[in-house]
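Biologist: I would like to learn how to read a protein model one feature at a time. Could we begin with how helices cross?

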Amino acid sequence: MKSITSILGVLLALVPFSQCLTPTFKIETPSSFSVLKKCNESTLYSIQTAAYSEYPIYLADIHGGSSYDLGYSYGYLLGNQSIENYDALLTSALPATFERDAFEVFLDWQWNDYLSKQVPQEFIDEMSGVGDGAAAAGFGSGLDKLMQRSIVIANFPGDITTNIEWLLWNEMGGNSEDIKNSLFESTEAKYKGMQCSHFAVWGSRTVNGTLFAGRNLDWLARSGISKNKVVTVFHPPGKISHVTFGFAGMIGSLAGMSSEGIVVTESGNDVKKETFDGFPWILRLRYIMMNSNGLQEARDLWENTNNTLGTNHLLASGKNETDLKSNHPALELETMKGYTAYFYDDDPRESQYIYVNQTTGEKYVMGWPMPEAVFRTNHGYDTNIQNEEVESYTPNSDTIIREHLFGTIFEWYQAAQIEIDYLEAVNTTSIPGNKGTEDFFYCVNVENAANILSVTFVPLENKAFFAFEDGSGSTYSPACCSTYIEIDFTYFF
């Protein structure tokens, strides 16, 4: 049987020795944290760096004696930024006022009748506090409702204009087409083609066996929400502190790490079995971080809550001794309505995904299983998941090419006898990020790039390296080509 030699040949040719050691991004440690505002025991900082000088990165350290108190502090400290981001997001995607009004009615319907039903009360209380805190700070009422709408938007399929019909079909049967067309007719250019990627690597591939993980968010570039980029450290009372990376107004986790070393990420995979009768993933990932001391606990929590859409998730444990000694400290989840497939490293199911060229009869192995590493982009390997995927993939599909970048990188480092450390881990994160071209190894001609957030985690050391999209026009840079800010969160945890 023939492997994907055509793809591997191209990829290997694109990875010169010097390039793997000399990435085009930068890494910077903050010079200081400037206090901007306080609310009870919570503090909003501006991270002082040479990069991101126009719109600096916020760091919100959120404490409280209850979930409501956490939300109150968040709303008081970040109410204005959250409202700005909500307006920017909807204005970018839905410029017409009448479309926005209809869209907001739809979002409220989806939250009230479906997506809110399985959200734990602690998050409901937190959002209630957000609304009251923002009002107390003079930002008006209703921020809690805006956050609910933002959670619905974050939980949409990756290609909303095409694949929202499967969600509506679940709710309404065959009466969904008119609603889809009326709501999303003008959003196609903004929403089409959203992509993400993530990985974890450990053991003999890394320095001292340390687990590294990374995540790219390729989603709604240049929408304006990066003006209010925020790193949030939550301290839920009686539970585990955790940090999330994202944008003001999104209290869930687009990417996160807990003080117990649990890392959570997401990459979409649009399928036909979709529902909002479940736990929205952006809050579910926070729920796992605040309640898990190890990988098995994280998996148990996942199994005892319900899926919504087709997504690929990473759960990784970088501190728990039992997880690290097992040499399987990371887990990939392929999900859809009512079903999750679990993959540890070197899973043979990945090599059983075979593409047959109908013209030549040639067979291609689409997966790349390997020990001590897991990675995903926007497709699945479980046959039940594959049977429900909206798209069919070939060796030249973007999601296959991006995922094989991870395999190429890890094999290259192994062949060069280089153990992965901070720089190599950030490099591994940066390369698959959407740069707007087919050349993933250079940050040139990035005007069509879509990577807005890129994060590398070192949970053993409470450390993260994170970058956001930056600039505009000719100065625009996607996150994966920007400056990664290095912070040790031990002080905040």
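Modeller: Happily! A crossing is called left-handed if the near helix is turned anticlockwise from the far one by less than a right angle, and right-handed if clockwise. Keep in mind that what we have here is a predicted model. In this model, helix H3 passes helix H5 in a right-handed crossing.

Biologist: At what angle do H3 and H5 pack, and how far apart are their axes?

Modeller: Two packed helices are described by the angle between their axes and the distance between the axes. For H3 (residues 67–93) and H5 (residues 121–136), the angle is about 40° and the axes are 6 Å apart. The H3 residues that meet H5 include Gly71, Gly75 and Gly79. On the H5 side, Gly129, Gly133 and Ala136 are among the residues that take part.

Biologist: Let me step back to the whole chain. How many helices and strands are there?

Modeller: The chain has 15 helices and 19 strands. Of its 493 residues, 61% are buried. The exposed surface comes to about 17,800 Å², with carbon and sulfur atoms supplying 48% of it. Among contacts between residues at least 6 apart in sequence, 69% join residues at least 24 apart.

Biologist: Now the strands. In what order do the seven strands of the open sheet run?

Modeller: The general idea is that strands of a sheet pair through backbone hydrogen bonds, either parallel or antiparallel. Here the order is S1-S19-S18-S17-S6-S5-S16, and the pairing is mixed. At the edges are strand S1 (26–28) and strand S16 (373–376), each of which pairs on one side only. Neighbouring strands of this sheet are turned by 15° against each other on average, ignoring direction. Helix H14 (residues 398–415) packs on the sheet, where it touches S16 and strand S5 (195–201). The direction of H14 makes about 20° with that of S5.

Biologist: Do take me through one pair. In which sense do S6 and S17 pair?

Modeller: Strand S6 (residues 212–218) and strand S17 (residues 451–458) are antiparallel partners, with six bridges between them. To find one such bridge, start at Gly214 and look across to Thr456 in S17.

Biologist: And S19, which sits between S1 and S18 in that order. What does the side chain of Glu486 make a polar contact with?

Modeller: Glu486 belongs to strand S19 (residues 483–488). The partner of its side chain is the side chain of Lys463, at 3.2 Å. Beyond its neighbours within four places in sequence, Glu486 also touches Ile27, Glu28, Thr29 and Pro30, among others.

Biologist: Next, S7. Why is strand S7 described as largely enclosed by the rest of the structure?

Modeller: A residue counts as buried when its relative accessible area is under 20%. Six of the six residues of S7 (residues 229–234) are buried, so the strand is largely enclosed by the rest of the structure. Lys229, Val231 and Val233 point one way, while Val230, Thr232 and Phe234 point the other way. S7 pairs with strand S4 (residues 57–62) in the parallel sense over five bridges, and Asp61 stands opposite Val233. With strand S8 (residues 242–247), S7 runs antiparallel over six bridges; there Thr232 has Thr244 as its bridge partner.

Biologist: Let us try a single residue. Is Thr340 buried or exposed?

Modeller: Thr340 counts as buried because its relative accessibility is 17%. You can find Thr340 in strand S13 (residues 339–343). Its side chain makes a polar contact of 3.2 Å with that of Trp302 and another of 2.8 Å with that of Asn307. Leu333, Glu334 and Thr335 are also among the residues in contact with Thr340.

Biologist: One last feature, the backbone. What is the phi of Asn40, and where does Asn40 lie?

Modeller: Asn40 has a positive phi of about 55° although it is not a glycine. Its place is the loop between strand S2 (32–39) and strand S3 (42–48), and Asn40 is exposed, with a relative accessible area of 68%. Asp346 also has a positive phi of about 55°, and it is not a glycine either. Asp346 lies in the loop between S13 and strand S14 (354–356) and counts as partly exposed at 41% relative accessibility.

How values were computed. Residues are numbered from 1 along each chain as its sequence is written. This is a predicted model: local features need pLDDT of at least 70, side-chain atom pairs count only at pLDDT 80 or more; totals for chains, interfaces and linings use all residues. Side-chain values use heavy atoms; hydrogens and water are left out. Helices (H or I, at least four residues) and strands (E, at least two) are DSSP runs, numbered from the N terminus. A polar contact is a pair of N or O atoms within 3.5 Å; within protein, one must be able to donate a hydrogen and the other to accept it, and residues adjacent in sequence count only if both atoms are side-chain atoms. Contact means heavy atoms within 4.5 Å. Buried means under 20% relative accessible area, exposed over 50%, partly exposed in between (1.4 Å probe, protein chains only). Accessible areas come from the Shrake-Rupley method with a 1.4 Å probe; for residues, only the protein chains shown count as cover. Two strands pair if DSSP finds at least two bridges between them. Axes are lines fitted to C-alpha atoms, for helices over the stretch in contact, and angles run from 0 to 180 degrees between N-to-C directions.
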